[in-house]
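Student: I am new to this structure and would like a close look at a single part. Could you take me through the largest nonpolar core, and tell me which residues touch the most other members?

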Amino acid sequence: MKYSETQKAAARSRYFDGETVEVIADALAIERRTLYNWIRTGGWRPAAGRENVDGLIECRISQLLRQEEKSLPQLLELERLLEHVERRKLNAARLADKRRSAAAAESDAEPAAAAPPETAPRKKRGRKPGKNDFTAIDEIDLMDKFRDGLFAYQLQLWEKRRERTRNILKSRQIGLTWYFAREAFTDALLTGRNKIFISASRAQSEIFKDYIRELALEWFEIDLKGSDKIVIHTPHGVATLYFLSTNSATGQGRHGDVYIDEYFWIPNFSKVKKLVGASSAQAQWSRTFFSTPSATTHEAYPFWTGDEYNERNRKTNKKLAEFPGRKELRDGFRLCPDGQWRTIITLDDAERMGCTLFNRADLELEYSPEEFRQLFGCEFIDDAGSVFSFSQLCACLGDKNLFPPGLDKQPVWIGYDPSRNRDGACIVVVAPPGTYRGTFHVIEKITLHDVSWPAQADFMKGLTKKYHVQRITMDATGPGSGVSEYVQLFFPRADGIVYTPEQKNQLVLKAQQVIGDGRIKWDASWSDIAAGFLQVKRAVGAKSDKILYYANRSEKTGHADAAWAIMQAISNEGLILPDQERKSRWSIGA
């Protein structure tokens, strides 16, 4: 929709006067995403050109108080402004007290040092000064730091942070994990509210922690201390940041605003919901679910679509509710009948709202159309045509922190899938089972983009020094032949295989056997592995009745790289045929 320059000028004036995007959009009948785009491209900032920010706030409060009939957004805005003024006063009082205390301590320093030991004043016990201490921060400066570099869709997420439940279906790599770490840290400093991060694995929850530590260093030069939880001292009391994986036994005793990352790749979603419920049962706490899509058969799919809510209605003979469609959800948050605020942010939506992180042409070369739609278009995979079922793959998702100890000291097998023209090469390190029908563990996964053949070989050479590598199996078809030759120079036993359709079938059949029996585990944070296996399809040969397996790959389009690399590594075990069934133990030779 096109808007006149008059509308744009009016919106700009009202934004500079301190009105929120929601109020301006409703008043001028302008789409919010258009407003966010104007704000970003035009560099609009509230109070632009005014040095006295507090004066502007006071002016806006007076303006709202004079207005006899106020809308709900205006009432909420007034409440926030009054709270802000009160916080500013409290901060000023605290700073004044700290300065007086520091001055008194400085004036008493010499006499106290000269006093005899028996009369020296005792030091007060308490927390170490400066440890996770943010009590003296300037909140206006904090908000400037927070907003700097955010895209319009991230600002929309901030506006909805106080809603009870947000549910976001997102494109890959548009910065939401980074954003929510930023949002949670900022809000904790502004309010003293606890934050709880729940991820599929420990490694994934560490990403939140790393982002928050980086922010504390960048913004305030404070090195945060803490492991499973970080306790921070804010102007509004003590806030605790908890970092949990879905293997946490319980949420009892922890309470706060909850963030659940990549929930469509978490096995046993009902357990996650119980953990969330235990941590955020009180109405004051918010819950944020966000994820890239997986398969329509995932346990969380009815939770996203609203079918779960309607199923409860069906059981109680209530009228079924109508939920917003995909087109509506791509136009910003929508309040749904089950009380959740849902939205979809595809790569197209992110770019329309200012995201400049991607080169679309590169992505379209690196991924097949089907995978591109799933990763960047927020489309779910229908695993009905896949060789592997999503329920079986979910059983393979694990937590590296809970793998048996010492796997990196035992013999390992390496699988390598080469890059095509622009897609990524993938190297996996797999610890094979030490017993008959034992479990494989993927202990490392490396993806390489735009790396030369010798450099790819050097990565594998480094792995031979890091691990006790027993076998290396490589796809030497096409571009893989060059890497294979380099690797065989330092590891002559490496198998560079030019795969025939029959050999490719053997790879898939072996993987079906291992995955079907639940004999392999990889860290749940590596969602591209399961997604890759889901892309493997079967077909009948055009000139014969042979079954063939494929993943829409060609010389120009790479696909399912991690899945094929794993299949090559575990193929070293060979198919277990019925007449090989036995209960005796077996071990791997050096």
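**A close look at the core**

Tutor: Happy to help! Buried residues, those under 20% relative accessible area with a 1.4 Å probe and protein chains only, make up 49% of the 590 residues in the chain. This is a predicted model, where local features need pLDDT of at least 70, side-chain atom pairs count only at pLDDT 80 or more, and totals for chains, interfaces and linings use all residues. Residues are numbered from 1 along each chain as its sequence is written, and side-chain values use heavy atoms, leaving out hydrogens and water.

Now to your core. A nonpolar core is a set of buried Ala, Val, Leu, Ile, Met, Phe, Trp, Tyr and Cys residues joined through side-chain atoms within 4.5 Å. The largest has 66 residues, and Phe 134, Tyr 153, Phe 180, Phe 185, Phe 220 and Ile 232 touch the most other members. Helix H8 (residues 176-191) gives the most to this core, with nine residues; helices here are DSSP runs of H or I, at least four residues, numbered from the N terminus.

Let us zoom in on Phe 180. Leaving aside neighbours within four places in sequence, Phe 180 is in contact (heavy atoms within 4.5 Å) with Leu 157, Arg 166, Ile 168, Phe 197, Phe 208, Tyr 259, Thr 288 and Phe 290. Apart from this core lies another, of 64 residues, among them Ile 344, Trp 413, Tyr 499 and Trp 526.

For the wider setting, among contacts in the chain between residues at least 6 apart in sequence, 70% join residues at least 24 apart.

How values were computed
Buried means under 20% relative accessible area, exposed over 50%, partly exposed in between (1.4 Å probe, protein chains only). Helices (H or I, at least four residues) and strands (E, at least two) are DSSP runs, numbered from the N terminus.
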